[in-house]
Amino acid sequence: MGLAFGNFATNPIYRLPRNESLFLKDPYCGDCNAKLMPRDLFPVLSWLMTRGKCRYCGASIPACYAIIEALIGLLFVLCFLKWSFSEQFLMISFGMTAFVMIAAMLYLDDFFSGKTMVAAIVFGALYRTMHDGTLYDMAGGAFAGLIVGSIAWKLSRKQLIRDIAAFPPYLDLLVAAGVWLPLTQFFLVCFAAGVMRFICKNSQWAVEWAIIATVVLEMLVLRS
């Protein structure tokens with residue numbers, strides 16, 4: 001199941017940065033535009049069988065797509081081992097998939113997907129409300145993420161803008177972290193982001209990747 005969702009995730013990872021529809025066009029090769037057949041769509045296995053090349057034109061297929069499929073498959077397995085097949089398993093697995101997709105698009109195309117970010121927040125809100133039995137903890141975490149992100153934005157000396165669409169990606173990710181995690185875990189995310197900002201001052205997306213990696217790891221230790 002995880003490999004299947006990992007395979008599907010590569011579709012929006014490739015298409016969203018190119019402003020393409022997710023469903024109106026069948027899977028295709030990005031180099032020769034050939035329609036991909038079922039034998040070309042087996043997660044990880046198809047990439048290995050063709051040695052990372054398009055079966056029709058021979059163009060190289062980045063290994064990162066197979067790695068994404070395998071990583072999401074692994075995350076599903078780890079979630080299943082902890083929560084078995086349950087509502088928690090589904091919400092957390094889907095939420096992790098959304099975070100991995102965001103990280104992949106940043107890495108491959110320098111593209112931050114607001115739609116995928118919304119999905120990550122929605123799954124987190126559903127999980128926290130279901131787990132805590134109240135909206136207040138989730139809302140408080142989102143507010144904490146907004147405050148911390150806004151302070152970081154102010155310290156960066158960049159002009160603050162009220163338009164949500166213009167928020168820096170790390171602010172959106174901190175809001176998502178606050179939605180998903182209890183405050184103690186949320187502040188560990190902030191610490192990781194701060195350390196990465198100090199170490200990699202000139203590296204684009206380093207802070208965002210640190211937030212995503214820490215959130216995904218901490219999601220694996222969420223209480224049942």
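**Aromatic contacts and a nonpolar surface patch**

Phenylalanine 76 and phenylalanine 89 are both buried. I should say at once that this is a predicted model.

These two residues also form an aromatic pair of the edge-to-face kind, at 5.8 Å centre to centre and with 90° between the planes. The pair joins distant parts of the chain, since phenylalanine 76 lies in helix 3 and phenylalanine 89 in helix 4 (residues 87-109), 13 residues apart.

Phenylalanine 89 has another partner, phenylalanine 80: edge-to-face again, 6.0 Å between centres, planes at 80°. Are these two partners buried or partly exposed? Phenylalanine 89 has 3% relative accessibility, so it counts as buried. Phenylalanine 80 has a relative accessible area of 41%, so it is partly exposed.

On to the wider set of rings. The count of aromatic pairs is 13. Ring pairs connect Phe5, Phe76, Phe80, Phe85, Phe89, Phe94 and Phe123 into a cluster.

Now the surface. Which residues make up the nonpolar patch there? They are Met1, Phe5, Leu71, Leu74, Val77, Leu78, Phe80, Leu81 and Phe85, and together they have about 860 Å² of accessible area. Helix 3 (residues 63-83) contributes the most, with 6 residues. Methionine 1 sits in the segment before helix 1 (2-15). Its relative accessibility is 48%, and buried means under 20% while exposed means over 50%, so methionine 1 counts as partly exposed.

Last, two contacts between a charge and a ring. Arginine 18 has its charged end over the ring of tyrosine 14, 3.9 Å from the ring centre. The charged end of lysine 25 lies over the ring of tyrosine 28, at 3.8 Å from the centre.

Terms used: Residues are numbered from 1 along each chain as its sequence is written. This is a predicted model: local features need pLDDT of at least 70, side-chain atom pairs count only at pLDDT 80 or more; totals for chains, interfaces and linings use all residues. Side-chain values use heavy atoms; hydrogens and water are left out. Patches are made of residues with over 30% relative accessible area and no salt bridge: like charges are joined within 9 Å, nonpolar side chains (Val, Leu, Ile, Met, Phe, Trp, Tyr) within 5 Å. Accessible areas come from the Shrake-Rupley method with a 1.4 Å probe; for residues, only the protein chains shown count as cover. A salt bridge is a side-chain nitrogen of Lys or Arg within 4 Å of a carboxyl oxygen of Asp or Glu. Helices (H or I, at least four residues) and strands (E, at least two) are DSSP runs, numbered from the N terminus. Buried means under 20% relative accessible area, exposed over 50%, partly exposed in between (1.4 Å probe, protein chains only). Rings of Phe, Tyr and Trp (its six-membered ring) pair if their centres lie within 6.5 Å; planes under 30 degrees apart count as stacked, over 60 as edge-to-face and the rest as tilted. A charge sits over a ring if NZ of Lys or CZ of Arg is within 6 Å of the ring centre and within 35 degrees of the ring normal.
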